[in-house]
Amino acid sequence: MSILNPMNNHILSTLSEYITTEILKQPNRSLAPDQPLISGGLIDSFSLVDLALFIENTFGVHIEDTELNAETFDTLHELSEIIQTRQS
Amino acid sequence: MTLQHILYFTVFTIVISRLSHGLFRHYLLLTGSLFAVFWLQPASSIRNLDFWLPVVSIGMVVIIWILTQPKNPDRKHKLRLEILIISGVVTFIGATRYFGNLCCLTATRPPPIIQIIIVLTILGCFGLLLQHFSQIQKSLLWLAGILIIVIFILLKYDIYALHLSQFLRNWMGQDPSLATTSDLPWLGYSYLAFRLLHTIRDAQGKKLPDYSLGEFTTYALFFPALTAGPIDRSERFIRDYRSPSQETNRNTWIGLQRVLVGLLKKFVLADSLALFALNSQNANQVGAPIWMWIVLYTYSLRLYLDFSGYTDIALGLGAIVGINLPENFNAPYFRTNLTAFWNSWHITLANWFRAYLFNPLTRFLRGGNFKLPVWPIVLVGQITTMTLIGLWHGITWNFFIWGLWHALGLFVHNRWTEWRRRRIINIEIHPWKQKYISFFSWLITFHYVTLGWVWFALPGTDISGRVFSTLFGLGS
């Protein structure tokens, strides 16, 4: 439902660009919104902390240290939903 | 847990799932967990310790609940009943001292009932006193956290454990010269300590949900997960606990299947492999490299089957009563790198250390004004986390080196991944080539982990060194 939301698209593209450029170092790569990031081995523990700091600076949303795991979010879509919920 | 324990627990969980709902289920699970703390506690050569250690476990849980939960007048009635159940169970188990041969719940005869009543009265007064000091709750939480860690160190460090044993023997009027480091077999303390520490940290961050004393006690001392985990989070456990899955037949069937798988892994496969697995006796006897590799591979397999078998039993028992405990293993020996291995081996312990140590430390070093390059931050984070995971198993040089072994492995994998990502962009790898790469990655990861067990399995660095020499044909 929220995939069609323009705000959601903006968050998804910003997150995707950050992950492919800064974490994966493959700017031409594309990530599907439902692609497993943590359980799929794309993002390790160290990069997760960097991602949390990026989200804090870019969207003004705090992701707790206890939330940096695949159980809380594992895909761009899930992460985007968390950001939107906390922004509203 | 023995087969007898597992059989009784299975019957008990089926009875709960069939016959009880709502509050009655809550009180039954609470009572069952309290009884299990005493029943599972092994005997000690220090008089009555097998009774007092469970009492201290329960006392710690009650104190942490008082310190972490705000006063709620709405649950006053429920609280009274829960306190009555907790003190009632302790008193009843103490009273089995007078039951003669009927006594079966504690490893040895409990202490005289008057001693138990005095201790319970002191604990009650202490609890009431704590409730009145809510203004210094923050300091008390820190103090409680430090105390939990201090007890942990006392139990895990042989020299301190010996001093503590001598002290307790003196106190009980027993000969202190007979004290040994194995006198303090505190059942499940490692897991209980981590559950309580997580509760303290989350309370300090004001992230704890509201729950009753009974709910918290059942979470901290939940009988399936008491001896070998998993280390669940209180808010997740209590969410399941309050709204268990209602598909009773399906839960029972799935739970029983999981228990059976666990029994097969633990009591048939792991216990059989234990006959050939690496230990301090055969480490000194085996001389041929090929046989040393065989006992090491066997140990690697046995350890996984033993530990994951226990987890299957815990998860199965939990599932029968509608509580889905978190998974602890996810095919760790099939992983193709060390980072993936640690995402699938003892998952709840690794997640605990990530949440409360690695992530805050890395966030502090990355987010502050240090302007450090990435590599020292990764190195510091991995060494701190992994050596502490090692020392959690026991404060010895071997566990420390085992932690360091994995820290360095994770660091090298992190740097290697970073290096590869920077240099290898958009290179299409043929599928059969990818298969070879995956196979060799798996081979290296499995052997790195398996060689790491040489530190983990043996009591000293000299004997581990000897095993390494034999493995690589360097022995004299």
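What radius of gyration would a compact globule of 88 residues have, and what does chain A have? A compact globule of that length would come near 12 Å, and chain A, at 12 Å, agrees with this value. The structure is a predicted model, with an ipTM of 0.89 and a pTM of 0.91. For chain B the mean pLDDT is 91, and 97% of the residues reach 70 or more.

Chain A contains three helices and zero strands, in the order α-α-α along the sequence. The C-alpha trace of chain A spans about 30 × 30 × 25 Å along its principal axes. Of the 88 residues in this chain, 31% count as buried. Among contacts in chain A with a separation of 6 or more, 64% join residues that are 24 or more positions apart.

Chain B is assigned three domains: domain 1 covers residues 3-242, domain 2 residues 248-329 and domain 3 residues 333-471. The C-alpha centres of domain 2 and domain 3 of chain B are 23 Å apart. The contact between these two domains involves 20 residues of domain 2 of chain B and 17 residues of domain 3 of chain B. On the domain 2 side, helix 12 (282-285) and helix 13 (289-320) of chain B each supply at least two residues. Helix 13 of chain B gives the largest share of that side, with nine residues. The side of domain 2 of chain B that touches domain 3 of chain B is made up of 13 nonpolar, six polar and one charged residues.

Helix 13 of chain B is 32 residues long, and the distance from its first C-alpha to its last is 46 Å, close to the 46 Å expected at 1.5 Å a residue. This helix is mostly covered, with 23 of its 32 residues buried. Just after helix 13 of chain B, Gly322(B) adopts a positive phi of about 80°.

The contact between the chains draws 19 residues from chain B and 15 residues from chain A. On the chain B side, two or more residues each come from helix 14 (338-342), helix 15 (347-367), helix 16 (374-392) and helix 17 (397-423). Helix 15 of chain B provides the largest share of the side that touches chain A, ten residues. By class, the side of chain B that touches chain A comprises six nonpolar, eight polar and five charged residues.

Terms used: Residues numbered from 1 in each chain as written. Chains lettered and ligands numbered in written order. Predicted model: local features only at pLDDT ≥ 70, side-chain atom pairs only at ≥ 80, totals over all residues. Domains from an automatic or database assignment. Contact = placed C-beta atoms within 7 Å. Helix = DSSP H or I, 4+ residues; strand = E, 2+ residues; numbered from the N terminus. Nonpolar A, V, L, I, M, F, W, Y, C, P; charged D, E, K, R; others polar. pLDDT = per-residue confidence, 0-100. Expected span 1.5 Å × (residues − 1). Buried ≥ 20, exposed ≤ 12 C-beta atoms within 10 Å, placed from the backbone. Rg over C-alpha atoms; globule rule 2.2 N^0.38 Å.
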